[in-house]
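I am opening a new page for this protein and will write down what I look up, entry by entry. I begin with a single side chain and then widen the view to the strands and the whole fold.

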Amino acid sequence: MNEHVEIYSDGACRGNPGPGGWGALLRKEGHEKRLCGAAPDTTNNRMELMGAIEGLRALKRPCTVTVWTDSEYVKKGMTEWLPGWKARGWKTSARAPVKNADLWQMLEIEAARHAVDWRWIKGHAGHEGNEIADQLANQAIDSMLGK
């Protein structure tokens with residue numbers, strides 16, 4: 001796992017729930033790949049998760065990866081909450097079902113193929129990678145809505 005890839009992932013939603021999109025920008029050694037997708041009726045958190053899932057899924061072999069997200073939900077889920085959820089059978093500490101468990105499980109599978117460093121970055125603060133991921137997420141929504 002000596003190849004290092006940076007992934008900037010983001011999600012967007014028009015209404016919550018509502019039409020949503022996700023974006024992922026992958027960078028490795030001066031190369032760049034841009035990915036995006038949309039869903040007609042979703043939530044912001046689901047789209048944040050999809051950006052990270054699809055960014056990791058796009059990697060063809062195990063890598064060392066830095067995932068930059070402006071979602072504390074994604075970062076904390078992967079770095080703090082996941083072991084407890086799994087130990088409790090996908091229940092929160094209050095014994096409620098974990099929201100978006102299907103996507104958390106997908107993200108865990110994709111992340112397990114790599115050595116991932118999860119990093120939070122302030123959204124809408126002018127950081128180029130995050131701004132591009134946000135633009136991709138919004139372009140996906142516009143495309144889906146025919147704009």
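**Entry 1: Lys-122**

I looked up Lys-122 first, and at 54% relative accessibility this residue counts as exposed, because the cut-off for that class is over 50%. I note here that I am working on a predicted model. Lys-122 lies in the loop that connects strand S5 (115-120) with helix H4 (128-144). Leaving aside residues up to four places away in sequence, I find that Lys-122 touches Asp-70 and Asn-130. I also checked Lys-122 against Trp-68: the two are 54 residues apart in sequence, while their C-alpha atoms are 9.7 Å apart in space.

**Entry 2: strand S4**

Trp-68 led me to strand S4 (residues 64-69), where this residue is the bridge partner of Tyr-8. I recorded a second pair for S4, in which Val-65 is the bridge partner of Val-5. Taken as a whole, S1 and S4 pair in the parallel sense over six bridges. S4 also pairs with S5, again in the parallel sense and over six bridges, and within that pairing I find Thr-66 opposite Asp-117. Is S4 enclosed or open? Five of its six residues are buried, so I enter S4 as largely enclosed by the rest of the structure.

**Entry 3: strand S1 and its hairpin**

I turned next to strand S1 (residues 4-13), of which seven of the 10 residues are buried, so S1 too is largely enclosed by the rest of the structure. As a reminder to myself, the side chains of a regular strand alternate between the two faces of the sheet. Besides its pairing with S4, S1 is joined by eight bridges to strand S2 (residues 18-28), and these two strands run antiparallel. In this pairing I located Ile-7 opposite Leu-26 of S2. What do S1 and S2 form, and how many residues lie between them? They form a hairpin with four residues between them, and in the turn I noted Gly-15, which has a positive phi of about 90°.

**Entry 4: Glu-54**

I then went to helix H1 (residues 44-57), in which Glu-54 is found. Is this acidic side chain buried or exposed? Glu-54 has a relative accessibility of 18%, and because the cut-off for buried is under 20%, I enter it as buried. Among residues more than four places away in sequence, Glu-54 touches Trp-22 and Leu-35.

**Entry 5: the whole protein**

Last, I stepped back to the overall fold and counted four helices and five strands, which follow one another from the N terminus as β-β-β-α-β-α-α-β-α. The radius of gyration is 15 Å, close to the 15 Å that the globule rule gives for 147 residues, so I put the protein down as being as compact as a globular protein of that length. Along the principal axes, the C-alpha trace spans about 40 × 40 × 25 Å. Of the 147 residues, 48% count as buried, and the accessible surface comes to about 7,400 Å², with 51% of that area belonging to carbon and sulfur atoms. Where contacts join residues at least 6 apart in sequence, 67% of them link residues at least 24 apart. For the charges, I noted 20 positive and 19 negative ones, whose mean positions are 5 Å apart.

Technical notes
Residues numbered from 1 in each chain as written. Predicted model: local features only at pLDDT ≥ 70, side-chain atom pairs only at ≥ 80, totals over all residues. Heavy atoms only, no water. Rg over C-alpha atoms; globule rule 2.2 N^0.38 Å. Buried < 20%, exposed > 50% of the residue type's maximum accessible area, 1.4 Å probe, protein only. Contact = heavy atoms within 4.5 Å. Areas by Shrake-Rupley, 256 points an atom, 1.4 Å probe, with all protein chains shown as cover. Lys, Arg positive; Asp, Glu negative; His and termini not counted. Charge placed at Lys NZ, Arg CZ, Asp CG, Glu CD. Pairing = 2+ DSSP bridges.
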